[in-house]
Amino acid sequence: MITPRPSASRGHFDYGWLDTHHTFAFGRYYDPRYEGFRSLRVLNEDRVAGGKGFDTHGHQDMEIVTIVLEGALEHKDSLGTSSVIRVGEVQRMSAGTGVRHSEFNPSLDEPVHLLQVWIEPEQVGLAPGYEQKAFTSESKHNRLCEVASSSGRHGAVTIQQDAAIYVASLDAGKEVEHDLGDGRAAYVQVTRGAILLNGQKLTAGDGAAVENETRLTLRGDNGGGEVLLFDLA
């Protein structure tokens, strides 16, 4: 069963410096129908104006994955990490027993467009940690590229949960397939363009929850599209 989540149905707030869409309940946005999906707890799409960002704040017991779609994001945390996340890079921060961090757009002129994902860890009280890796455009061109997983295989960042995140950039008419194991589910989020998910059209900002399916076919539609696929226990 595939349950679409149209872009316009997400929680949306525009604060001037921050234009944000929430797939699941977050901050001021609450909908009892959308409090998460399996271990996927937060899926926010943010556009942050030049020179603006999130002041130092704390997190605990959450796997936080950040993917930059356009621009760059500067990160500093209480673990001593200071880095800039750019297009093609994926950051994983395990909040664990507690971590504080800030996130800012280092450009004064250009906005940064990003996705931030929160995944509930397999257990609480884990040690905090940080990881950042780059993935080439070729690695996701007309193929599923694993960027985060519990095993950290294929160069993916490691998350403390039985889950995996894939990205793909599909040309029009090109398709990839993904098999789901017994009892597993998926969430699909389109970040650019348009795709067909088992024949159902999704465009930028749209998502879909998938349960009781054994195989997913993702096909680039019209001018093609970019997509995230979450494989969840």
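**Exercise 1. Buried residues and the overall build**

Task: Find what share of the 233 residues in the chain is buried, and work out how the chain compares with a globular protein of that length.

Solution:
- Step 1. In this predicted model, buried residues make up 51% of the 233 residues in the chain.
- Step 2. Next, look at the secondary structure: the chain has 20 strands and 0 helices.
- Step 3. The radius of gyration is 17 Å, close to the 17 Å from the globule rule for 233 residues, so the chain is as compact as a globular protein of that length.
- Step 4. Along the principal axes, the C-alpha atoms fill a box of roughly 45 × 40 × 40 Å.
- Step 5. Now turn to contacts with a separation of 6 or more: 69% of them join residues 24 or more positions apart.

**Exercise 2. Surface and charge**

Task: Describe the accessible surface of the chain and its charged side chains.

Solution:
- Step 1. The accessible surface comes to about 10300 Å², and carbon and sulfur atoms account for 46% of that.
- Step 2. Count the charges: there are 33 negative and 22 positive side chains.
- Step 3. Then compare where the two sets sit: their centres lie 2 Å apart.

**Exercise 3. Arg 10 in its loop**

Task: Decide whether Arg 10 is buried or exposed, and name the partner of its side chain in a polar contact.

Solution:
- Step 1. Locate the residue: Arg 10 belongs to the loop between β1 (2-5) and β2 (11-14).
- Step 2. Its relative accessibility is 7%, and buried means under 20%, so Arg 10 counts as buried.
- Step 3. Leaving aside neighbours within four places in sequence, Arg 10 is in contact with Arg 5, His 21, His 22, Thr 23, Glu 45, Gln 189 and Gly 205.
- Step 4. Pick out Glu 45: its side chain and that of Arg 10 are joined by a polar contact of 2.9 Å.

**Exercise 4. Two aromatic residues**

Task: Trace the surroundings of Trp 118 and Phe 24.

Solution:
- Step 1. Trp 118 sits in strand β11 (residues 112-119), and it counts as buried because its relative accessibility is 15%.
- Step 2. Beyond four places in sequence, the contacts of Trp 118 include Phe 26, Leu 40, Arg 41, His 59 and Ile 64.
- Step 3. Take Arg 41: it is 77 residues from Trp 118 in sequence, yet their C-alpha atoms are 5.4 Å apart in space.
- Step 4. The side chain of Trp 118 also makes a polar contact of 3.3 Å with the side chain of Gln 116.
- Step 5. Move on to Phe 24, placed in the loop between β3 (18-22) and β4 (40-48). Phe 24 has a relative accessible area of 2%, so it is buried.
- Step 6. Among the residues that Phe 24 touches beyond four places in sequence are Tyr 29, Tyr 34, Phe 37, Leu 43 and Tyr 187.
- Step 7. For a pair separated by 23 Å between C-alpha atoms, see Phe 24 and Glu 146, 122 residues apart along the chain.

**Exercise 5. Positive phi angles**

Task: Give the phi angles of Asp 61 and Asn 212, and say where each residue lies.

Solution:
- Step 1. Asp 61 is not a glycine, but it has a positive phi of about 50°. Its place is the loop between β5 (53-59) and β6 (63-70).
- Step 2. Asn 212, also not a glycine, has a positive phi of about 60°. It lies in the loop between β19 (207-210) and β20 (215-232).
- Step 3. Finally, check accessibility: Asn 212 counts as exposed because its value is 73%, and exposed means over 50%.

Note on methods. Residues numbered from 1 in each chain as written. Predicted model: local features only at pLDDT ≥ 70, side-chain atom pairs only at ≥ 80, totals over all residues. Heavy atoms only, no water. Helix = DSSP H or I, 4+ residues; strand = E, 2+ residues; numbered from the N terminus. Buried < 20%, exposed > 50% of the residue type's maximum accessible area, 1.4 Å probe, protein only. Polar contact = N/O pair within 3.5 Å; in protein donor to acceptor, adjacent residues only side chain to side chain. Contact = heavy atoms within 4.5 Å. Rg over C-alpha atoms; globule rule 2.2 N^0.38 Å. Areas by Shrake-Rupley, 256 points an atom, 1.4 Å probe, with all protein chains shown as cover. Lys, Arg positive; Asp, Glu negative; His and termini not counted. Charge placed at Lys NZ, Arg CZ, Asp CG, Glu CD.
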